[in-house]
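Thanks for making time this morning. I would like to walk you through one structure, beginning with the space inside and then moving outward to a few individual residues.

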Amino acid sequence: MSDLRQQVQRLVVDMSVCAGHGLCYSTSPQLIDCDDQGYPVVLHDLSSEDDVRAAEAAVVVCPERALNIEPR
Ligand code: SF4
C-alpha cells in the first residue's frame with residue numbers, strides 16, 4: 001500500500017533563471033502569487049488534481065524554464 005504523503009509534490013522556482021515577467025502567476029493565480037518585485041511566490045504544495053494542473057500550466061507557459069514540479 002502506498003503512502004499518500006510520499007506522493008505530494010511542490011512547484012519550485014529556479015530564481016537563477018526567472019525573469020519576473022509574470023506569465024506563471026497570470027496563468028495560475030490560485031497557486032502562484034507575486035512579490036513586490038514581480039517575482040513569483042508559490043502559495044502551497046500540490047495537494048489536489050487542480051493544484052497539479054495549475055502547476056503544469058505554469059511550467060508550460062514559463063519561457064525561461066524556471067519552474068519544476070518536484071517531490072515534496
Ligand atoms: S513565467 Fe517563469 S520567468 Fe516568468 S515570472 Fe514566472 S517563473 Fe519567472
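Before I give any volume, let me say what the word cavity stands for here: on a 1 Å grid over the protein atoms alone, a cavity is a set of points where a 1.4 Å probe fits but cannot get out, and its volume is the space filled by probe spheres set on those points. Please also keep in mind that what you see is a predicted model.

With that in hand, the structure holds 1 cavity of 30 Å³ or more, and about 80 Å³ of space lies in the largest cavity. What takes up the space of the largest cavity? The ligand does.

If you look at the lining of the largest cavity, you will find Val13, Pro40, Cys62, Ala66 and Leu67, together with the run Cys18, Ala19, Gly20, His21, Gly22, Leu23 and Cys24. Sorted by class, this lining has 9 nonpolar and 3 polar residues, and no charged ones.

The shell around the ligand is a separate list, and it includes Cys18, His21, Cys24, Pro40, Cys62 and Glu64. Its residues divide into 8 nonpolar, 3 polar and 1 charged. Glu64 is among the residues that surround the ligand, and glutamate is counted as charged.

Let me stay with Pro40 for a moment, since Pro40 belongs both to the cavity lining and to the ligand's surroundings. Its place is in strand β3, and because its relative accessible area is 11%, under the 20% limit, Pro40 counts as buried. Its C-alpha atom is separated by 7.6 Å from that of Val13, although the two residues are 27 apart along the chain.

Turning to the nonpolar core, the largest one has 14 residues, of which Leu11, Cys24, Leu31, Ile32, Ala55, Ala58 and Leu67 touch the most other members. Strand β1, residues 9-13, helix α1, residues 23-27, and helix α2, residues 49-61, each supply at least two residues of this core, and the largest share, 3 residues, comes from α2. Cys24 and Leu67, just named for the core, also surround the ligand.

Now to the loop between β3 and α2, where I would like to point out three residues. Leu43 is found in this loop and, at 45% relative accessibility, counts as partly exposed; Leu43 and Ala58 are 15 residues apart in sequence and 13 Å apart in space, C-alpha to C-alpha. Asp45 lies in the loop as well, partly exposed with a relative accessible area of 25%, and its C-alpha atom is separated by 9.6 Å from that of Val12, 33 residues away along the chain. Ser48, which is also in the loop, has a relative accessible area of 32% and is therefore partly exposed, a class that lies between the 20% and 50% limits. Between Ser48 and Val8 there are 8.9 Å from C-alpha to C-alpha, with 40 residues separating them in sequence.

Finally, which residue has a positive phi of about 55° although it is not a glycine? That residue is Arg65. Most residues other than glycine have a negative phi. Arg65 lies in the loop between α2 and β4, residues 67-71, and because its relative accessible area is 74%, over the 50% limit, Arg65 is classed as exposed.

That brings me to the end, and I am happy to go back to any of these places on the screen.

Terms used: Residues are numbered from 1 along each chain as its sequence is written. This is a predicted model: local features need pLDDT of at least 70, side-chain atom pairs count only at pLDDT 80 or more; totals for chains, interfaces and linings use all residues. Side-chain values use heavy atoms; hydrogens and water are left out. A residue is near a molecule or strand if one of its heavy atoms lies within 4 Å of it. On a 1 Å grid over the protein atoms alone, a cavity is a set of points where a 1.4 Å probe fits but cannot get out, and a pocket is an open set with protein on both sides within 12 Å along at least five of seven lines; lining residues have an atom within 4 Å of a point. A molecule sits in a cavity or pocket if more than half of its atoms lie within 2 Å of its grid points. A nonpolar core is a set of buried Ala, Val, Leu, Ile, Met, Phe, Trp, Tyr and Cys residues joined through side-chain atoms within 4.5 Å. Buried means under 20% relative accessible area, exposed over 50%, partly exposed in between (1.4 Å probe, protein chains only). Helices (H or I, at least four residues) and strands (E, at least two) are DSSP runs, numbered from the N terminus.
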